[in-house]
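Okay, thanks for having me, everyone. Let me put the structure up on the screen.

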Amino acid sequence: MPEISGEPTAFHDLSAFLATPRVSRLALSPDGQRLVAAVQGLNAEGNGYVPGLWDIDPSARREPRRLTRSRAGEYAPAFHADGTLFFLSGRADNDPGTALDEAEGPGVWALPEHGEAALVARHPGGIAGFTLAGNAPVLAYTAGLLPGAADAEAHGKLRADRAGAKVTAILYETGTTRFWDSDLGPDEPHTFVRATAGDGVAVDAGGQGAPSEAETALSPDGTRVAHTRYAPGRLPADHHAVVVVADAATGEQLLVVDRDGYQYGAPMFTADGTALLCVRRRIATYETPFSYTLVRVDLASGAESELLAGFEHWPMGVVVSPLAADATLWFTADERGHAPVFRRDPDGTVTRLTASGAYTSLCVAPDGRTLYALRAAVDAPPTPVRLDAAAPDQEPVVLKAPGGVGRLPGTLTEVHTVADDQFPLRSWLVLPEGACAERPAPLIVFPHGGPEVSWNSWTWRWNPWPFAARGYAVLLPDLALSAGYGPRMHERGWGQWGGRPYHDLMALTDAAETRPDIDGTRTGLAGASYGAYLAGRVATLTDRFKAIVSQATIWDMRSLQAESDASPYFREIFGDPLTRPERYEENCPSRAADRIRTPMLVVHGARDYRVPVGQGMALFQELQRREVPVKFLYFPDEGHWILRPTHARLWYSTLLNFFDHHVLGAPWQRPELL
C-alpha cells in the first residue's frame, strides 16, 4: 500500500491528475528482448490526448525511452517476425510533424530498430486495426468499403464523390445504425490481407458486418486469416457474431464458426496453425443469463471442443504458447474484485498465477517461460510487469515505465456483508487520509456500470481518488449481476435490474456506514450507465442519500430498448415490451418519478448512442416539473464517456461541488467555464 502523509497529491489538483501519462498496450519482440508500450499523454494545448510508443526494459534495469513523437501520435504496437515494430498512426507521409485530416484516418507504419518509420499500408478513410503473421511477412487489417466499391481504389473515388457533393446521408437496409458514440456506415468494415513489404494488392477476405471491432487473426504461416463477422439473426436487427476463416491469398471463405444459441469472437490461431481458439458467448434468454467460455475449433474438421469446462469465470485476453508443440495458453478473468492471470495446461489444468490486481495485454516470451502484462488495481494505474509463466499466486516484477501517480490521498480496504438471500457480498472502500472514529468521513457510493462487470481495476473516468482528496470515502460495490463471482451472481439478478442489485447495494451501504470511520449521516450516490439506472431506481425507493448523480441515465426502459444501439441486448433480458411488458414495468424508474425527493445532478453526452441523451433530458424535465432540486451537465460533443481532458476536469469539479453543497452543506460553487 502506498505511503500516506498529509501533503498534497496529484489528486488534489485535477489538472495534474488528468495530465498523468496513461499506459494502454504492450507488444513483445519475437526474440523477447524488446517490450514496447503505447502511452497516452496530453497534447501541447492540453485539450486532448496523443498516444506515443515507449521502449520498456524487460529486465527492469533501464529507464523507459520514448520511441515516437509525431503530432498525430502512434498506437497499437505489434512486432513483425523480423523484429520490426509496426503501429497505427494518422501522421502525414514522411512528415511526423503534420497530422492528416481526420477524415483520412490512420495507416500502418513500420519502424526498424535503427532508422525512420515508413508507411506500409494506407486505405481511404483509414485502417481500424491490424495484425501480423507470427512467422511470415503478411499483414491483415480492417478497413471500409462503400456499397458498390470492389476495392480500395473504387472506395476512395466514391468517398471523394460523396465529399464533393457534400452528401453525408446513409441508407440502412438491415441491422443496427449506431455503435456507442458513432454512426455506422455507409461503408462496411472488410478484412484485407497483403504482404508487409512492396506494393502488392491487398486481398479482400470478406466483410465484417457492422459494427466491427477489428477482431482479426493470421495463422503463423500467413496462409489463413480469421475475423469476427456480424451476421443477420432471426430478426434483421438481431445480428450475431460468428468467426470466419478465409484463404489469405484468395479471400475464399474456408470455414464459418457458428452455432445456434451462441456467438463467437476474439479468434486466435494456435502456434501450429491447426486450430482456432475463440471466446464463445451463450446467448441469453428471458430465463437464462449469458455466459462466456473458451473453445478450440479444429480447422480440418470444424469440430469444436470446450477448453474451460467447469471454470466459472469469463475468459478474456487469451494468448497461446509460441511453441508449436505446446498447447499451453494464458488468459485473464474477473474474480472477486480482481482480474488475475490464469494458465491452462494441455491436460486442462487451470492455475491462477497472480494474487491480486487486474491484468491486461498479456505477452508470452519466445521460450514460454515468462509473461509480460499490464497490471492495474483500484489503487494503481496500469503499469508493465513481468511474471513467471507457471508460478501460482505470485507478485509480479514491476518494470520501469511512464504513468505513475505518486502517493495516494488515502487507503484501500474491503467491506463484506451477507445479502438477505445469504449470498456473500464484497466491496472496495476507499478511505481518505485521516478518516477515523474521531473524524468519520462522508461517504459516496459508486455502483458500477455494465452491469456484467466489476470494480477490479483502475479507471480514469470514475476515479475515486479525487473524491478521497476532497475528504470523501468512496464505496465501490459489486452487486448481483457483477462478473467474477460465479454464475449464481448473475442468476440472482437476471431480469430484475432494480430488484436484487438494489437490495445488495443497500446491504453494502449499510455495512460501510456501520464503520466508525464513516459518517453514515452524510452519504451520496453516483453512477453511470447501469450505475445511473440504479441511481434513478434508488431515488424512487429511498431518501437516505443526501444527493444523487446520474450520468448516461436509463430513465424509461421501454423507450430505451427501441432507441439504443444495444436494443437486442435489452430484449434478451426484458423481452418484447409489446408482448412481455412485465419486466419493463417492474424495473422502470420513470414510473415512480413522483416519489423522488433527493437532489440530483444529471449528466449526459449528446453522442451517447448506448443510452441516448433523451433519457437524461426526460429525467431533467421530470424533476423540474416536480420541483426536485436538479442540475443538468450536458456535453454536446461527448458520448457515453466524458473523454476530453478539459471536459473531464469540469466533470470532476461539478460532481465534487455538487456533493460538497448537498452532502456537506457548503455553498454551491459553479465550476469555471460553465
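I'll talk about one helix, then a residue in the loop before it, then the nonpolar cores. Keep in mind that this is a predicted model.

So, helix H10. That's residues 614-625, 12 residues in all. From first C-alpha to last, H10 reaches 16 Å, close to the 16 Å you'd expect at 1.5 Å a residue.

Which residues of H10 are buried? They're Gln615, Gly616, Leu619, Phe620, Glu622 and Leu623. Looking down the axis of H10, those buried residues fall within an arc of 165°, so they line one face of the helix. As a reminder, an α-helix has 3.6 residues a turn, so residues three or four places apart point the same way. And what do the buried residues of H10 pack against? Strands E38, E39 and E40, plus helix H7. After H10 comes Glu627, with a positive phi near 60°.

Now back up a little, to the loop between E39 and H10, where you'll find Arg610. Arg610 is buried, because its relative accessible area is 15% and the cut-off for buried is under 20%. Its side chain makes a polar contact with the side chain of Asp565, at 2.5 Å. Other contacts of Arg610 include Phe179, Trp180 and His640.

Last bit, the cores. The largest nonpolar core has 59 residues, and Leu475 and Trp497 are among those with the most contacts inside it. Helix H5, residues 500-513, gives the most to this core: seven residues. Apart from that core lies another one, of 42 residues, including Phe17 and Ala376.

Key:
Residues numbered from 1 in each chain as written. Predicted model: local features only at pLDDT ≥ 70, side-chain atom pairs only at ≥ 80, totals over all residues. Heavy atoms only, no water. Helix = DSSP H or I, 4+ residues; strand = E, 2+ residues; numbered from the N terminus. Expected span 1.5 Å × (residues − 1). Buried < 20%, exposed > 50% of the residue type's maximum accessible area, 1.4 Å probe, protein only. Arc of directions from axis to C-beta. Contact = heavy atoms within 4.5 Å. Core = buried A, V, L, I, M, F, W, Y, C linked by side-chain atoms within 4.5 Å. Polar contact = N/O pair within 3.5 Å; in protein donor to acceptor, adjacent residues only side chain to side chain.
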